[in-house]
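Visitor: Could you take me through this model? I would like to begin with the overall picture and then go into the details.

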Amino acid sequence: MNFKHDFVECLYPALNGQLEQKQIVKMIEKPKFEQQGDMAFPCFELAKIYRRSPNDIALAIVEKINSPIFEKVEAVGGYVNVFLNRKDVSSKVVKEVLLQKEQYGKLDLGKNEVITIDFSSPNIAKPFSMGHLRSTVIGHSLALIAEKYGYSPIRINHLGDWGTQFGKLIVAYKMWGDEKKVKEAPIKELLTLYVKFHEEAEKTPELNDEGRAWFKRLENGDEEARHLWKWFREESLKEFSKIYELLGIHFDSYHGEAFYNDKMELVVQMIEDRRLLEESQGAMVVQLSTEELPPCLITKKDGTTLYATRDLAAALYRKENYRFTKSLYVVGHEQSLHFKQLFAVLKKMGFPWYEGMAHVPFGMILKDGKKMSTRKGKVVLLEEVLEEAIQLARKDILKKNPNLVAKEEVAHQVGVGAIIFHDLKNFRLNDIEFSLEDMLRFEGETGPYVQYTHARAASLLRKGNYQEGKERMIEDKEAWPIITALMSFPDVIKRSYEQYDPSQIAKFLLDLSKAFNKYYAAVRILDNSEQKLARLSLVYSVKIVLKEGLRLLGMAAPEEM
Ligand code: ARG
């Protein structure tokens, strides 16, 4: 809902067709101060056309505007300022939300076209890092937003399950590994082996050659190598699944890098057929100087393939199998060059659909201002962080609402919600300093605060015995900030889709929650008054939008907390 359209409908005839409707839409502004109205139309550009002063033009336009939706229309300093009829607008907005319920804000712009979203994509045999958490929650939310926007998302977990590091891991396991230990705590043990390998390789660099040789054996299908690799992969996936389950996230495909092992020969052939493959110091590359990029490495000296080769194969596979119109990669910004090269190679290969592909980068998680590194073994285990958040939520419930029936379920929803929201409220490209304390905060600008506001609305509806029906006009002037927030929800979703940025929704939810809590403090909603039903219907519309907004972030909205 947005009344811009009504304003345009008034302005267009008033301007005698001098401007197109589209141009008018772009010119309408939101005034800085409340006393300047709800929308403003600047007349400065028109001054040249009409050869009159902007304010004279504004005055002439004011004369011609006549719509019940505007309470007041005035010309000030070259602007046409309009004031919405708040009572009218309020009841229209509430009616609209109650009519559409969770469909409110839905836009059918994707027309069911497929959008593949490559996200999470952790590396096996390593702990699930905080950086992968970012990709996971952003990608998951983008899939939900894309769906709301009318697209059919395909969620792809491009597991990092191939590459020289697995050769190294095999060497480490064969030298120092212990089957029982790996079975007990796979990720921990495999990480220990990986770290040990790097320590030892600093003293004995030949170990690196051995690692490469084992990866080559793996690529060639050597039975021992494949057996160990498969085992590492399965154990890792079991651990990752626990995290996805806690977060409530599923994938349509787990085809990781290894899946493309037998599909790369064809890709290399295709590149060669197009005469794009060149030798460079024994390796094969695609020159990208025309794109002002460094060459993209396709195969190494020893014939083994690379991360980029596998991504090329994956892109072709996805195009063929999913027929996407858009293809997103939610991966940290340190891989920007990789994706630029990937898209450039596809372009050179003559695939126009590369234009529908986009890298959706995000900032890093820093520890004391530096990137967290797995190599040195300094990592925070996500599963432990999630468990701790849930435990904290449990304690909170026992303190505040010991009689709550669904304690466990709610503790889970709130603990996990805190972690998800803590991430998504940040502008996607900002780096985040890791702080467990911050992640586990439930007050202030947090997920639990929004969830709590939703539960408060639900409780008001229960206590007020709210029944949907003949709503009355809301007369409380304190309700206006809530109304403007509700009104903006569809635009917020649109922006979050267009900018691939869920933080817009997170910030919106904080604003709506604050507006609602202010209203709650100022107005006695449950008092027996003529306004009770109108107030409760406002509460209900807030509840609907909070719940839907939380859902789009991948969070639950408990009815009681
Ligand atoms: N496994 C990679 C990493 O952890 C991310 C993969 C992203 N997806 C892709 N198609 N390259 O850095």
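The conversation below moves from the whole chain to the ligand, the strands, the cysteines and the backbone.

Visitor: What kind of model is this, and how are residues numbered?
Guide: This is a predicted model, in which local features need pLDDT of at least 70, side-chain atom pairs count only at pLDDT 80 or more, and totals for chains, interfaces and linings use all residues. Residues are numbered from 1 along each chain as its sequence is written, and side-chain values use heavy atoms, with hydrogens and water left out.

Visitor: How many helices and strands does the protein chain have?
Guide: The protein chain has 21 helices and 13 strands. These are DSSP runs numbered from the N terminus (helices are H or I with at least four residues, strands are E with at least two).

Visitor: What are the spans of the C-alpha trace, and what share of the residues is buried?
Guide: The C-alpha trace spans about 85 × 65 × 40 Å along its principal axes. Of the 561 residues in the protein chain, 53% count as buried. Buried means under 20% relative accessible area, exposed means over 50%, and partly exposed lies in between, with a 1.4 Å probe and protein chains only.

Visitor: Now the ligand. Which residues surround it?
Guide: The surrounding residues are D118, S121, N123, H132, H158, Y307, D311, Y329, V331, Q335 and F339. The criterion is a heavy atom within 4 Å.

Visitor: How does that shell divide by class?
Guide: There are four nonpolar, five polar and two charged residues in the shell. In this scheme Ala, Val, Leu, Ile, Met, Phe, Trp, Tyr, Cys and Pro are nonpolar, Asp, Glu, Lys and Arg are charged, and the others, Gly among them, are polar.

Visitor: Which side chains make polar contacts with a nitrogen atom of the ligand?
Guide: Among them is D118, with a side-chain N or O atom 2.7 Å from a ligand nitrogen. A polar side-chain atom of N123 is also 2.7 Å from a nitrogen atom of the ligand. For Y307, a side-chain N or O atom lies 2.7 Å from a ligand nitrogen. The protein covers 89% of the 350 Å² of accessible area that the ligand has on its own. A polar contact is a pair of N or O atoms within 3.5 Å; within protein, one must be able to donate a hydrogen and the other to accept it, and residues adjacent in sequence count only if both atoms are side-chain atoms. Accessible areas come from the Shrake-Rupley method with a 1.4 Å probe, and for residues only the protein chains shown count as cover.

Visitor: V331 is in that shell. What lies 2.7 Å from its backbone oxygen?
Guide: A polar side-chain atom of H359 lies at that distance from the backbone oxygen of V331. H359 sits in strand β10, residues 357-360, and is buried at 16% relative accessibility.

Visitor: Turning to strands, how does β3 pair with β1 and β2?
Guide: Strand β1 (residues 39-42) runs antiparallel to β3, with four bridges joining them, and A40 has N81 as its bridge partner in β3. Strand β2 (residues 70-76) is also antiparallel to β3, over six bridges, one of them pairing V73 with V82. Two strands pair if DSSP finds at least two bridges between them.

Visitor: What joins β2 to β3, and why is β3 described as enclosed?
Guide: β2 and β3 form a hairpin with two residues between them, and G77 in the turn has a positive phi of about 55°. Strand β3 (residues 79-84) is largely enclosed by the rest of the structure because five of its six residues are buried.

Visitor: What about the sheet that contains β11?
Guide: This open sheet has three strands in the order β12-β11-β13, with mixed pairing. Its edge strands, β12 (370-371) and β13 (432-433), each pair on one side only. Strand β11 (residues 365-367) pairs with β13 in the parallel sense over two bridges, and L366 has E433 as its bridge partner in β13.

Visitor: How many disulfides are there?
Guide: The search of the whole structure finds zero disulfides, a disulfide being a pair of cysteine sulfur atoms within 2.5 Å.

Visitor: Why is C10 not bonded to C43?
Guide: The closest cysteine sulfur to that of C10 is in C43, and because it is 14 Å away, it is too far for a bond. C10 is buried at 13% relative accessibility, and C43 is buried at 0%.

Visitor: Finally, where is S121, and is its phi positive or negative?
Guide: S121 is in the loop between β4 (114-118) and α6 (130-148). Its phi is near 40°, a positive value in a residue other than glycine. Most residues other than glycine have a negative phi. S121 is buried, with a relative accessible area of 15%.

Visitor: And N465: buried or exposed?
Guide: N465 is exposed, with a relative accessible area of 60%. N465 lies in the loop between α18 (447-463) and α19 (480-498), and has a positive phi of about 50° although it is not a glycine.
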